[in-house]
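Biologist: I have a few quick things to ask about this one. Could you put it up so we can go through it together?

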Amino acid sequence: ARPLVSDDLWAAIEPLLPPRRPKPKGGRPPIPDRAALAGILFVLKSGILWEMLPAEMGCGSGMSCWRRLRDWHAAGVWAALHRALLEQLQGAGQIDGGVPRSQRQRAGEKGGAEVGPNPTDRGKPGTKRHLVTDARGTPLGVTLSGANRHDSRMLAPTLDAVPPVRSGRRGRPRRRPGKLHADKAFDHRRCRRECRARGITPRIARRGIESSERLGRHRWVVERTLAWLARFRRLAVRYERRADIHPAFTTLGCALVCLNQVRRFC
């Protein structure tokens, strides 16, 4: 099987890792960062429990990898990795436009932060993932909310979640797409005002006027990106109750999708 942590992924993430804390009293040496990252990726892709992480992989215990995921998320490693990969795509001229979309996912029985009753699943607890991609399906910004949250209410927070991306040219880093294609769920004056206030040209389908058949030209792009994220089994059903672990997995999944885009277009 191919290694979980490829050389290009490790080259992108190694400069972003925080330095290790010294241990003046000694003790066992910590798990190498690359081995801990392999354990995190194994849990993300397979969806197994942390305590079931195989010891034969050399990643240490599941709790050690969980702590590393938590600490790196608090240090902003996953967000910085996502931004660095977006900058590579922007420098190569491979980012254009934006398409918003959301997807509901079932949550565990105990719930957690950003969880609400799912109107499409008999009111069971669930989380909605809001995503903005470019014209080629590269995830630009992602936010989480309860499953009962309307898509239009999360448009502005999702646009603000797009990180500032430098292209290697002079000027301020680009933070938002130039125009936004959206379906009829975002057909509100408020959504158009929010786009124009951020310098974005809205291309939103109007209810009762435009046909739904023509929306597939743009909607299938973000639907494919949501399918890419669904390949990570840990993101299919939300089991994390903490408000930091599930966003950490989600941001890491978006960064891995961006890495595949870098390998494809750069």
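Biologist: How many helices and strands are there in the protein chain?

Modeller: This is a predicted model, and in it the protein chain has eight helices and seven strands.

Biologist: And the radius of gyration, what does that agree with?

Modeller: The protein chain comes out at 19 Å, which agrees with the value near 18 Å that a compact globule of 266 residues would have. Along its principal axes, the C-alpha trace spans about 70 × 50 × 35 Å.

Biologist: What about contacts, how many join residues at least 24 apart?

Modeller: If you take the contacts between residues at least 6 apart in sequence, 64% of them join residues at least 24 apart.

Biologist: Now the inside. Which residues of the largest nonpolar core touch the most other members?

Modeller: Those are Ile 40, Trp 78 and Phe 249, in a core of 59 residues. Helix α8, which covers residues 245-265, gives the most to this core, with eleven residues.

Biologist: Staying with Phe 249, what is it in contact with, leaving aside neighbours within four places in sequence?

Modeller: Its partners include Ile 40, Val 43, Leu 44, Trp 50, Leu 69 and Leu 235, and Phe 249 is also in contact with Arg 234 and Glu 240.

Biologist: Switching to the surface, how much is accessible, and what share belongs to carbon and sulfur?

Modeller: The accessible surface of the protein chain comes to about 14400 Å², and 49% of that belongs to carbon and sulfur atoms, while 47% of the 266 residues count as buried.

Biologist: Last one, charges: how many positive and negative, and how far apart are their mean positions?

Modeller: There are 53 positive and 23 negative charges in the protein chain, and their mean positions lie 3 Å apart.

Conventions: Residues numbered from 1 in each chain as written. Predicted model: local features only at pLDDT ≥ 70, side-chain atom pairs only at ≥ 80, totals over all residues. Heavy atoms only, no water. Helix = DSSP H or I, 4+ residues; strand = E, 2+ residues; numbered from the N terminus. Rg over C-alpha atoms; globule rule 2.2 N^0.38 Å. Buried < 20%, exposed > 50% of the residue type's maximum accessible area, 1.4 Å probe, protein only. Contact = heavy atoms within 4.5 Å. Areas by Shrake-Rupley, 256 points an atom, 1.4 Å probe, with all protein chains shown as cover. Lys, Arg positive; Asp, Glu negative; His and termini not counted. Charge placed at Lys NZ, Arg CZ, Asp CG, Glu CD. Core = buried A, V, L, I, M, F, W, Y, C linked by side-chain atoms within 4.5 Å.
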